[in-house]
Structure formats: structure tokens, C-alpha cells
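Visitor: I would like to learn how to read a model like this one. Where do we begin?

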Amino acid sequence: MLSIWVARRNRPAWKQSWRRWGKCVVPRLYYNILLWLLLPYIFIHLLWRGRKQPEYRQRIPERFGLYETPAPIRPVLWLHTVSVGETRAAVTLVQALQRDYPNHHILLTHTTPTGMAMSEQLFGDSVHRVYLPYDYPFAVQRFLEHFRPKLGVLLETEIWPNLIHHCHECRIPMLLLNARLSERSAAGYARFGGLTSAALAELAGVAAQTFDDATRLGRLGAREVSVMGNLKFEIVPPDAQRELGHQLRELFGASRRVFLAASTREGEEALLLAELAKLTETDLLTVIVPRHPQRFDEVAALIERYGLRYQRRSANQPIAADTQVVLGDSMGEMFAYYEACDLAFIGGSLLEFGGQNLLEACAVGKPVLLGLHTYNFTQAAQQAVAAGAAERVKDANQLLERVNQLRDDSAALAAMGEQGKAFVIAHRGATAKALTLIAELIA
């Protein structure tokens, strides 16, 4: 073994350079070949998704780096927020950048139409927004040439090899902020180790949500990894949403207990509805808000199949006393739903979807119930349970049992709610750390 090590140490410099070149370039070559093979599928995918969400058929040129609107005149600070969750998490960071860099223009890129819609709702015309191009070299080059950003920020788990490489080549510093990486995702990226490590090594910096996230990213090849906490702790419920929540509560009925099933995923609604159909009481009102708007009609049909009396939020009508379920078929009102409920279940955790964001409910001061599958928010979920702000349930049956136990226990509901608010406040500070990293690179 020693002789092999000595031989490697004595290998000519050109051979070592060639080896390093091969580790970076060859995997990217295979990656690009695969992208070209997938090109027909991309158009099929957009058309297929466009059946339920027509927005997927709009602005398609942007996904290939072609933009109708002119680039902003001022220097551009660019953040990529994939969809709804990342866009909402970026609120305090975007506001801070607008405050600290008034002579710069903020560009937000998205992958989904719902992310685009959320950006428009949150920021209006104060930012520029487009779809991020697919990771084809020609599309990435067009995007960078059009907007010429001074800095790029990728939020959470967005590792695009060509995008990162071309930013590196163009001397555009790229940060991966609020980064999270579960063991499952890390194992997936490790299967393409050469490609992943090359991309991570070309980032100007990585700031992870937790020490475990930082460790996993470091193992995959990231450099300059720090821990910043989670931007989602920074969210403050907007006054307009809280006021809307009070209005919703009036529609729901001030005297009824309201149970919110927030951001539910496919398969979970059926489990919940099966348990709700067993209840004989009508004083509990259940509000179900599916995670994806294209599923609103599907969930409505499911409620009808279980024979439950329901109304749609979009009808904006007072809820009848015998209504058992409200279908939350609206966008951008999650804080209002939390404000209007007595306790909330966070979807994506009954089945193996990894869970959705529980911190918004905690920030509003509402008790939280979680399933067992929360690997997308592992540390936050564990800390919330330890703080007494959340409880876990193993299945839908136990979930409804716990709802029935808690709904008449005002003291327990109040205590969990207060613990939730204290828990969120205690973990704030991620925005300040992110701003420090950004300031160093801009300077």
C-alpha cells in the first residue's frame, strides 16, 4: 500500500492535472448527453402538466434562456427560489437585500408556476421574475448574458452543474444558502459523485441549515461550508393575512372547533376522510388545503365519494352548521388558514413525502400535529416536539383521536401555541448570517 501511495505522489504533474480534468469534465459530458436525450421529454412534460395547470404552457422560451423583457438597467442580485416554499422562505432575505442594496435590482427565478404566482403576490413589481432555464449550456449562457448578475443565490437543495460551472467561468459568485440535504438525498447525489463534487467545489460558499446538513454537503465535496440556521424561522405572519384569518374564522363559525390539514399530499386526504367519515359529531370543522392547486378538483371529488358535506373556500360563503369539511382551494392564504384554526396537522408527513413546513403554524401560535415522515424538516420537527410545540402521530386514526382529545382542552392548545411562538423566536438569525456572506462577496 505504501508503494502505491508513493507512486501516486511521484506521478508527473501533467498526469495529475489530466486526472483532475477527467474527474470534472467527463461526468459533465455524460450529463450533457443525457440532457439532450431528455429534450423531447421536456416538451412532453410541459404539455402534460399544462393539462391541469395551463401556466406550464406559458413562457416556455424562458426555460431555454430566451426573454422578451429587457434586462434591468441596475446591477442585478439574483436568487433562485424553486417553488412556493422557497419563495416564502426568502421573504425576509429579499426585503433585507432591497433595504441594504437600494441601487441593485432583485431578480427571482422559479421552476414552477405556483412559485411564480407566490412571488408576484409577495413582491409585486418590486422584483423582476422569470423561469430559471433548464440546465443546458446554451440556455444557461443566454440567461447569464441577458441579466449579467453580480451575485447568484441558490436556496435549499438546488445543484445544477452547468449553471454553477458557467457562473464560475464568468466569475459570478454563487452561494448555496439555507442548504439542506437528507441522508436519502445525499446517497442519491453520491451516485454521481464526480459531477456533484465538481459542482459543489465551484460554489463561492455554502451555508447549511444544520450541522448534519453541513457535514453531508462537505462529504460530497462542498467547500467553505458554514451553518446559518433556517430562513423559514424568519417568517413573520403578515398583518393582512392575520386579518384575513379573522375573517375566515367568522365564515367558519366562531363557536366551532376548527382543525386544519395543511399542505396535504396525494393519498393523505383519503386517509383523513376515511377517519372523518366515522365521526358522528358535527361540531368539528375540518379544513383541508392540498399542497398542489392542480389537485383541488381531485380532492373535491374524493370528499364527495366519502359522503361528507363540504364547501369550497373559493365560494367565500359562510360555512353552514352541518358542513363537515371546507376545501381550501385558494392560493397564498396559508397564514390566514393557520390564524383561523385551533390546531393544525402538517401534511406530507403521514405518508413518505418528508413533511412540509411546520414553522408557519408555530409562528402563528397554533398547536402542531405531525406524522412520522418529516425528513425534509428533521431538526426543526425534532426541536418543535422537544419544545412542546408539536406532537407526533403514527397514522390517520391516531391523528383524529388526538384532535378529538385536544379540541376541548383549551389549556393544552394555548400552551402548545405559546411554545410554538417561543420556539420560532429562539431560532431566528439566519437572515443576518446570509447577509454577511452576501456582503463579503459583493464587496
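Guide: We go through the sheet, its helices, two helix pairs and two unusual backbone angles. Keep in mind that this is a predicted model.

Visitor: Start with the sheet. What is the strand order, and how do the strands pair?

Guide: Read a sheet by its order, then by its direction. Here 7 strands form an open sheet in the order β10-β11-β9-β8-β12-β13-β14. The pairing is parallel.

Visitor: Which strands stand at the edges?

Guide: Look for strands with a single partner. β10 (310-312) and β14 (390-392) each have one partner strand, so one side of each lacks a neighbour in the sheet. Neighbouring strands are turned against each other by 20° on average, direction ignored.

Visitor: How many bridges join β8 and β9?

Guide: Strand β8 (residues 257-264) and strand β9 (residues 284-290) share 7 bridges, in the parallel sense. Follow individual partners to get the register. Phe259 has Thr286 of β9 as its bridge partner. For Leu260, the partner in β9 is Val287.

Visitor: Is β9 buried or exposed?

Guide: Take the strand face by face. In β9, 7 of its 7 residues are buried. One side carries Leu284, Thr286, Ile288 and Pro290. The other carries Leu285, Val287 and Val289. Both faces are covered.

Visitor: What about a single residue in the sheet, say Val325?

Guide: Place it, check its accessibility, then list its contacts. Val325 lies in strand β11 (residues 325-327). Its relative accessibility is 1%, so Val325 counts as buried. Neighbours within four places in sequence are set aside for the contact list. Val325 then touches Leu273, Leu276, Leu285, Thr286, Ile288, Ile303, Leu308, Arg309, Tyr310 and Gln311.

Visitor: How far apart are Val325 and Arg63 in space?

Guide: The C-alpha to C-alpha distance between Val325 and Arg63 is 39 Å. In sequence, they are 262 residues apart.

Visitor: Which strands does helix α11 lie across?

Guide: For a helix on a sheet, name the strands, then give the angle. Helix α11 (residues 239-252) lies across β8, β9 and β11. It runs at about 120° to β8. Helix α16 (residues 378-387) also packs on the sheet, touching β13 (368-370) and β14. The direction of α16 makes about 105° with that of β14.

Visitor: Now helix against helix. At what angle do α12 and α13 cross?

Guide: Take the distance, the angle, the hand and the residues in turn. The axes of α12 (residues 268-276) and α13 (residues 296-305) come within 10 Å and cross at roughly 25°. Angles under 35 degrees count as roughly parallel. That is why α12 is called roughly parallel to α13. The crossing of α12 and α13 is right-handed. Glu269, Ala270 and Leu273 of α12 meet Val299, Leu302 and Ile303 of α13. By class, this contact has 5 nonpolar residues, no polar ones and 1 charged.

Visitor: And how do α6 and α7 cross?

Guide: Apply the steps again. The axes of α6 (residues 137-147) and α7 (residues 161-169) come within 9 Å, crossing at roughly 45°. The two helices are therefore oblique to each other. Their crossing is right-handed. From α6 come Pro137, Val140, Gln141 and Leu144. From α7 come Asn162, Leu163, His166 and Cys167. The contact of α6 with α7 has 5 nonpolar, 3 polar and no charged residues.

Visitor: Which residues of helix α4 are buried, and what covers them?

Guide: List the buried positions, then look for their cover. In α4 (residues 91-100), Val91, Thr92, Leu93, Val94, Ala96 and Leu97 are buried. Their cover includes β1 (76-80), α3 (84-89), β2 (105-110), α5 (113-123), β5 (174-179) and α19 (430-442).

Visitor: Last topic: the backbone. Why look at the sign of phi?

Guide: Most residues other than glycine have a negative phi, so a positive value is worth a look. Arg148 has a positive phi of about 45° and is not a glycine. Ser263, also not a glycine, has a positive phi of about 55°.

Visitor: Where do Arg148 and Ser263 lie?

Guide: Arg148 is in the loop between α6 and β4 (149-155). With a relative accessible area of 60%, Arg148 is exposed. Ser263 lies in strand β8. Ser263 counts as buried, at 9% relative accessibility.

Definitions and conventions. Residues numbered from 1 in each chain as written. Predicted model: local features only at pLDDT ≥ 70, side-chain atom pairs only at ≥ 80, totals over all residues. Heavy atoms only, no water. Axes fitted to C-alpha atoms, helices over the stretch in contact; angles between N-to-C directions. Helix = DSSP H or I, 4+ residues; strand = E, 2+ residues; numbered from the N terminus. Parallel < 35°, antiparallel > 145°, perpendicular 65-115°, else oblique. Left-handed = near helix turned anticlockwise from the far one by under 90°. Contact = heavy atoms within 4.5 Å. Nonpolar A, V, L, I, M, F, W, Y, C, P; charged D, E, K, R; others polar. Buried < 20%, exposed > 50% of the residue type's maximum accessible area, 1.4 Å probe, protein only. Pairing = 2+ DSSP bridges.
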